[in-house]
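Grab a pencil and get ready to work through a few exercises on a protein model. Try each task yourself before you read the solution.

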Amino acid sequence: MRAGLRRDIWTAVQPDIGAMQSMIDGLDKRFPLATGRSEGLLLAAVAARYEVAPPPASFRLIVSPLVEWIWLGGAIAGCGGLIALWPAPFRVRRRMAVLSRVRLGRQPSHA
């Protein structure tokens, strides 16, 4: 992976394990309840076959332009939401005035 402000470049490798699928299916049928150590041995057998006769693989190069700007835009939107939730000063003063009147036993005015 190579990341930057202008673009991100990724590589993806996808092996074609179709030739090995019959071996995998056969192991699944013969050892349906394999767990722990026996499962590790079976997996080692599949890995050994993979090393002896590696399957063909396709490589993909993925270029994602301006990805970091998407994250920056999300951060700006999040900050904007926090600012929108922040109480306005005049409402805080009004709320405090109402609370002080209630504490003193006066009725709050609805002007």
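Below are three exercises, each with a worked solution.

This is a predicted model, where local features need pLDDT of at least 70, side-chain atom pairs count only at pLDDT 80 or more, and totals for chains, interfaces and linings use all residues. Residues are numbered from 1 along each chain as its sequence is written, and side-chain values use heavy atoms, with hydrogens and water left out.

**Exercise 1. The pocket**

Work out which residues line the largest pocket, and which helix gives the most to that lining.

Step 1: Get the term straight. On a 1 Å grid over the protein atoms alone, a pocket is an open set of points with protein on both sides within 12 Å along at least five of seven lines, and lining residues have an atom within 4 Å of a point.

Step 2: List the lining: Ile 24, Leu 27, Asp 28, Phe 31, Ala 34, Glu 39, Leu 42, Leu 43 and Val 46.

Step 3: Match it to elements. Helix H1 (21-30) and helix H2 (36-52) are the ones that give two or more residues; H2 gives the most, with four. Helices here are DSSP runs (H or I, at least four residues), and strands are E runs of at least two, numbered from the N terminus.

**Exercise 2. The greasy patch**

Find the residues that make the nonpolar surface patch, then place Leu 66 and Ile 76.

Step 1: The patch, about 520 Å², is made by Leu 5, Leu 66, Trp 69, Leu 72 and Ile 76. Patch residues have over 30% relative accessible area and no salt bridge, with nonpolar side chains joined within 5 Å.

Step 2: Ile 76 sits in helix H3 (residues 67-85), and counts as exposed because its relative accessibility is 56% (exposed is over 50%, buried under 20%, partly exposed in between, 1.4 Å probe, protein chains only).

Step 3: Leu 66 is in the loop between strand E3 (57-65) and H3. Its 46% makes Leu 66 partly exposed, and its phi is positive, about 60°, although it is not a glycine.

**Exercise 3. Met 20**

Is Met 20 buried or exposed?

Step 1: Locate Met 20 in the loop between strand E2 (7-15) and H1.

Step 2: Its relative accessibility is 4%, so Met 20 is buried.

Key
Patch = residues over 30% accessible without salt bridge, like charges linked within 9 Å, V, L, I, M, F, W, Y side chains within 5 Å. Areas by Shrake-Rupley, 256 points an atom, 1.4 Å probe, with all protein chains shown as cover. Salt bridge = Lys/Arg side-chain N within 4 Å of Asp/Glu carboxyl O. 1 Å grid on protein atoms, 1.4 Å probe; cavity = no way out; pocket = protein on both sides within 12 Å on 5 of 7 lines; lining within 4 Å.
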